[in-house]
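Thanks for making time this morning. I would like to walk through a handful of places in this model, so please have the sequence and the structure open as I talk.

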Amino acid sequence: MAIAIAGAGIGGLTAALCLARGGHEVTLYERAPALREIGAGLQITPNGAAVLEVLGLGPALDAAAIRARAVCPTDGHSGRAIARFALDGEAHPYRFMHRAALVALLAEAAQAQGVRLVTGRRVTGADPAAGRLDFADHESITADLIVAADGLRSALRPLVADEGPRFTGQVAWRAMLHGVVAEPEARIWMLPKRHVVTYPLPGGRLNLVAVREQPDWAPEGWDHADDPARLRAVFEDAASELRGLLDRVEEVRLWGLFRHPVPGRWHDGRLVLLGDAAHPTLPFLAQGANLAIEDGWVLAQALSQELGTALGRYTAARAPRVRRAIAAAQANARNYHLSGPARRIAHAGLGAIGRLAPARFTARMAWLHAHDVTREMPATMAGDGQDC
C-alpha cells in the first residue's frame, strides 16, 4: 500500500521502518523544518528494546545509550536509598538514551529502507473515507492508509475520538545537567506531593524530570521555559544531594500533565491512530516511547490482513495493553507522592521487598517489560476484526 504517516517522532519513525520492511510505500510528513528532537532523555525498557533489536538497531542502541543496572527508590527528604532493584537480568537490556539519538537512528534506518521523509509540512486534517491528508498550505495528498502519529496534540485524533484532555492536577519540569558523573541507575526521589527522577545519559549528562501536584494550569502554556529558581523553591526541603543537582539547573521546561481517555475506536476508514495520538500516558512508568514502538510493529504485522480487518485487529491487540500501562502509570503517580503514615508504611514495605525478595519487583513488572510483540503473529492477535 501507499501509506502516509503524520508525525516523525519515535512512534511515526518506528511505524515507517516496520511498514517499509513489510513492502509498503511509506511517506513520512513532519511539521518541523528539520528532523530533530532536543532536550530530553528517555528510557528504552526491554519491551521496546525487543522491537528495536529485531529491526537490527541493537548495536547502534548500545553505542548511543547507557545500559541501566538498577532503579533506586529514594527518600527525597533524607536522600536515603529505600531499595535497589537490579535491571540487568532482563531478556533485553534496559537503556538510558537521549531522545535525539533514537530519532536519528530510526530516521537513518527508515530512509535506508526506502521511506520518504518530508519536513516542513504541517498536517491540518484528513478525509478518512477518501484517504486524503490535508496540509496547512492548502495542498492535499491521498494514500491507501493514513497513520496519525502526530502526538498528544494530534490534528487527526478528533476525526476518530472526540474526548478532550483533562488536567491531572500535576505539572512537570524537564532539565538536562552536564558534566555529571552518576551510576547507571534511575533514582526516584519521592517527597509528599512531589518527586524527581534522575538518570545518566551518554556524554556526562544527567536527565532530570520533576513533578509536583498543583490545582490549576493554563492550557495555552502547556510547554514553556520556566525560571529554575521556581523549581528549586518547590524542592527547598529536599535532601542536600538533590538540592545540589537542582542548583546546577540552568534551563528548564515546564508543562502541564493532561490525560486523554484511551478511545474505543482507533481508526476510521483509512485513518488509524498510533502512539500518543491514540494513548498518551503520564511520565511515571517510562512507557510513552516504548508503547509507541510496540504500536509500530503490531500495526505493520496486522496489515498482512485486509485493511478493515487489519485495523480492527491492531486496535484489539493494543488497547487492553495500553490501558493497563496507563493505569499503572497513574498508580505510580500516587505512590510517589504519598505523605504522612501512608508514606512511612509504603517506604517500609518497599525496603523490605528490596532486602528480602528483590526479584518480586522484576516479577511484578514482567507483564510490561517481558512482553515481546515481535513474537506475536497476526493469527494470534486477539479480536475478530471488530473494534474494541
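Valine 209, if we set aside its neighbours within four places in sequence, is in contact with Trp173, His195, Val196 and Val197, where contact means heavy atoms within 4.5 Å. Valine 209 lies in strand β16, residues 205–213, and I should say that helices (H or I, at least four residues) and strands (E, at least two) are DSSP runs, numbered from the N terminus. With a relative accessible area of 17%, valine 209 is buried; buried means under 20% relative accessible area, exposed over 50%, and partly exposed in between, with a 1.4 Å probe and protein chains only. Valine 209 and isoleucine 141 are 68 residues apart in sequence, and their C-alpha atoms are 39 Å apart in space.

Before going further, a word on what we are looking at: this is a predicted model, in which local features need pLDDT of at least 70 and side-chain atom pairs count only at pLDDT 80 or more, while totals for chains, interfaces and linings use all residues. Residues are numbered from 1 along each chain as its sequence is written, and side-chain values use heavy atoms, with hydrogens and water left out.

Let me turn to the helices. Two packed helices are described by the angle between their axes and the distance between the axes. Here the axes are lines fitted to C-alpha atoms, for helices over the stretch in contact, and the angles run from 0 to 180 degrees between N-to-C directions. Helix α7, residues 288–302, and helix α8, residues 307–336, have axes that come within 9 Å and cross at roughly 160°. The two helices α7 and α8 are therefore roughly antiparallel to each other, on a scale where angles under 35 degrees count as roughly parallel, over 145 as roughly antiparallel, 65 to 115 as roughly perpendicular and the rest as oblique. Which residues make this contact? From α7 they are Leu291, Glu294, Asp295, Val298, Leu299 and Ala302, and from α8 they are Ala310, Leu311, Tyr314, Ala317, Arg318, Arg321, Val322 and Ala325. Sorted by class, that contact of α7 with α8 has 10 nonpolar residues, no polar ones and 4 charged ones; Ala, Val, Leu, Ile, Met, Phe, Trp, Tyr, Cys and Pro count as nonpolar, Asp, Glu, Lys and Arg as charged, and the others, Gly among them, as polar.

Helix α7 also packs with helix α1, residues 10–21, and there the axes come within 8 Å and cross at roughly 25°, so α1 and α7 are roughly parallel to each other. On the α1 side we have Ile10, Gly11, Thr14, Ala15, Cys18 and Leu19, which meet Ala289, Ala292, Ile293, Gly296, Trp297 and Ala300 in α7. The residues of this contact of α1 with α7 divide into 9 nonpolar, 3 polar and no charged.

Cysteine 18, which has just appeared in that list, counts as buried at 5% relative accessibility, and cysteine 72 is also buried, with a relative accessible area of 6%. How many disulfides does the structure hold? The number is 0, a disulfide being a pair of cysteine sulfur atoms within 2.5 Å.

Back in α8, isoleucine 326 lies in that helix and is buried, with a relative accessible area of 8%. Not counting residues up to four places away in sequence, isoleucine 326 touches Val262, His279, Pro280 and Thr281. Alanine 328, again in helix α8, touches Leu285 and Trp367 on that same basis of not counting residues up to four places away, and the C-alpha atoms of alanine 328 and leucine 285 are 7.4 Å apart, although 43 residues separate them in sequence.

Helix α2, residues 46–54, has 7 of its 9 residues buried, so it is largely enclosed by the rest of the structure. Those buried residues are Pro46, Asn47, Gly48, Ala49, Ala50, Val51 and Leu52. Just after α2, glycine 56 takes a positive phi of about 85°.

That brings me to backbone angles. Most residues other than glycine have a negative phi, and most peptide bonds are trans. Lysine 193, not a glycine, has a positive phi of about 65°, and it lies in the loop between β14 (185–191) and β15 (194–201). Alanine 286 has a positive phi too, of about 55°, in the loop between β20 (271–273) and α7, and alanine 286 is partly exposed, with a relative accessible area of 25%.
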